[in-house]
Amino acid sequence: MAKTNKHTSALNEKTGVNQPASLSKKSANRLKVNRKKVPSVLELSKGILVGDKAALSRGITLIESTASKHQELAKELIELSLPHANRSIRIGITGVPGVGKSTFIESFGKLLTTNGHKVAVLAVDPSSSLSKGSILGDKTRMEDLVKEPNAFIRPSASGDSLGGVARKTREAIILCEAAGYDIILIETVGVGQSETAVHSMTDFFLLLKLAGAGDELQGIKRGIMEMADAIVINKADGENRKAAKLAKLEFNRALHLYPPKDSGWTPKTLTCSALNNEGVDTVWSKISEYIESTKDNGYFQQKRNEQNKFWLVQTIESHLKSDFYGNPKVQKELEKQLQLLSENKTTPFEAATLLLLLK
């Protein structure tokens with residue numbers, strides 16, 4: 001059998017590119033060490049308090065982690081951040097897919113940074129129920145805002161949390177406030193119960209709508225309309241201007257059918273073209289008017305207190321659920337009950353009762 005020439009074989013490993021002389025081995029090793037080095041909670045906290053975006057991103061990643069060792073560290077980080085939190089205006093922004101949320105947020109965010117504000121955008125991307133994956137493309141869609149030094153954009157996967165709102169969004173708000181961001185924008189996926197969850201953690205709730213897409217009739221439904229503090233008809237430009245004006249009238253009529261809000265605020269319908277940057281400043285004026293009004297009558301703080309109570313109950317329920325499914329006895333018995341259920345030897349109610357009695 002003929003010998004294969006090692007120099008002509010396609011399986012030969014080629015010699016790599018030589019390391020440039022300008023980069024010393026000492027510097028290269030230092031870079032490797034820095035990449036691998038995980039900052040302590042205290043280091044992360046110090047970085048966040050001076051507005052370091054890298055530290056803030058790492059901090060949010062830490063609180064989003066489901067690993068038990070990370071959850072303890074996240075708790076410490078939240079405790080260090082709390083004294084510097086609660087100094088922002090939290091604005092929830094929702095609307096059906098395609099309404100132009102990302103375009104609106106970019107235009108709105110640039111207006112705010114121009115006016116001297118520090119803006120954090122917490123955008124929740126829907127996760128696939130099959131692969132659990134998420135595109136996380138908001139930084140790509142907001143390519144101008146992401147370049148602003150006083151803006152921070154953090155896309156998060158919704159996972160299996162309530163209505164598509166990332167499980168740790170509320171804690172992320174605290175970290176952003178500690179980092180000095182005075183306006184927090186929370187974008188929902190615009191489907192399911194996400195609006196309810198975002199409404200429970202924001203000061204102002206903005207509903208984006210489209211004209212001429214059947215949204216006028218949809219808007220007359222209760223629920224989402226009752227939560228909205230303002231409705232904005234987006235894409236009010238070109239041939240769509242007339243339709244946007246008609247939609248504005250329809251929504252204003254619908255809003256008069258609802259009972260007065262506890263805040264004493266009467267929601268208004270506005271039109272804007274985020275793409276052409278028209279009417280966005282009017283939206284901010286209306287939000288500023290609302291904040292001033294609710295701070296004067298005490299509703300602003302009252303709502304924050306009610307939200308804290310709500311999230312206390314939510315956190316307790318979340319921990320109870322986690323402890324229950326994490327119990328080895330429950331895990332073992334659950335498999336057994338599922339098998340019995342498939343064989344028609346028990347009912348879901350009997351199985352649930354048995355599982356809940358396990359300790």
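**Figure 1. The whole chain, with 41% of its 359 residues buried.** This is a predicted model, so let us start with the overall picture before moving in. The chain's secondary structure comes to 15 helices and 7 strands. Of the contacts with a separation of 6 or more, 73% link residues that lie 24 or more positions apart. On the outside, the chain exposes about 21,200 Å², and carbon and sulfur atoms supply 55% of that area.

**Figure 2. Helix α7, residues 169–178, and the glycine that follows.** How many of the 10 residues of α7 are buried? The count is 9, so this helix is largely enclosed by the rest of the structure. If you would like to find them, the buried residues are T169, R170, A172, I173, I174, L175, C176, E177 and A178. Just after α7 comes G180, with a positive phi of about 95°.

**Figure 3. Helices α2 and α3 cross at roughly 130°.** Two packed helices are described by the angle between their axes and the distance between the axes. Here, α2 covers residues 41–49 and α3 covers residues 53–64, and their axes come within 8 Å. The two helices are therefore oblique to each other. The crossing of α2 past α3 is left-handed. On the α2 side, the contact uses L44, G47 and I48, which meet A55, L56, R58, G59 and L62 of α3. Sorted by class, the contact has 5 nonpolar, 2 polar and 1 charged residues.

**Figure 4. Helix α12 packs against helix α13.** Which way do these two helices lie, roughly parallel or roughly perpendicular? Their axes are 5 Å apart and the packing angle is about 85°. That makes α12 roughly perpendicular to α13. From α12, the residues Y290, I291, T294 and K295 meet Y299, F300 and K303 of α13. This contact has 4 nonpolar, 1 polar and 2 charged residues.

**Figure 5. Two residues of helix α12: T294 and K286.** Helix α12 spans residues 280–296 and holds T294. Is T294 buried or exposed? With a relative accessible area of 0%, T294 is buried. Leaving out residues up to four places away in sequence, T294 touches S263, Y299 and F300. K286 also has its place in α12. A relative accessibility of 17% means that K286 counts as buried, since the cut-off for buried is under 20%. Again leaving out residues up to four places away in sequence, K286 touches W265, K268 and L270. Look at K268 in particular: it is 18 residues from K286 in sequence, and the two C-alpha atoms are 8.5 Å apart in space.

**Figure 6. Helices α13 and α14 meet at an angle of about 70°.** Helix α13 runs over residues 299–326 and helix α14 over residues 328–342, with their axes 5 Å apart. These helices are therefore roughly perpendicular to each other. The contact brings together F324, Y325 and G326 of α13 with P328, V330, Q331 and L334 of α14. By class, these residues divide into 5 nonpolar, 2 polar and no charged.

**Figure 7. K329, a residue of helix α14.** Is K329 buried or exposed? At 53% relative accessibility, K329 counts as exposed, because the cut-off for exposed is over 50%. K329 and L355 are 26 residues apart along the chain, and their C-alpha atoms are separated by 8.9 Å.

**Figure 8. K235 and N344, two loop residues with a positive phi.** Most residues other than glycine have a negative phi, and most peptide bonds are trans. Against that background, K235 is worth a look: its phi is positive, about 60°, although K235 is not a glycine. You will find K235 in the loop between β6 (230–234) and α11 (241–255). At 36% relative accessibility, K235 counts as partly exposed. Where is N344 placed? N344 sits in the loop between α14 and α15 (348–356). N344 is not a glycine either, yet its phi is positive, at about 60°. With 71% relative accessibility, N344 counts as exposed.

How values were computed: Residues numbered from 1 in each chain as written. Predicted model: local features only at pLDDT ≥ 70, side-chain atom pairs only at ≥ 80, totals over all residues. Heavy atoms only, no water. Axes fitted to C-alpha atoms, helices over the stretch in contact; angles between N-to-C directions. Helix = DSSP H or I, 4+ residues; strand = E, 2+ residues; numbered from the N terminus. Parallel < 35°, antiparallel > 145°, perpendicular 65-115°, else oblique. Left-handed = near helix turned anticlockwise from the far one by under 90°. Contact = heavy atoms within 4.5 Å. Nonpolar A, V, L, I, M, F, W, Y, C, P; charged D, E, K, R; others polar. Buried < 20%, exposed > 50% of the residue type's maximum accessible area, 1.4 Å probe, protein only. Areas by Shrake-Rupley, 256 points an atom, 1.4 Å probe, with all protein chains shown as cover.
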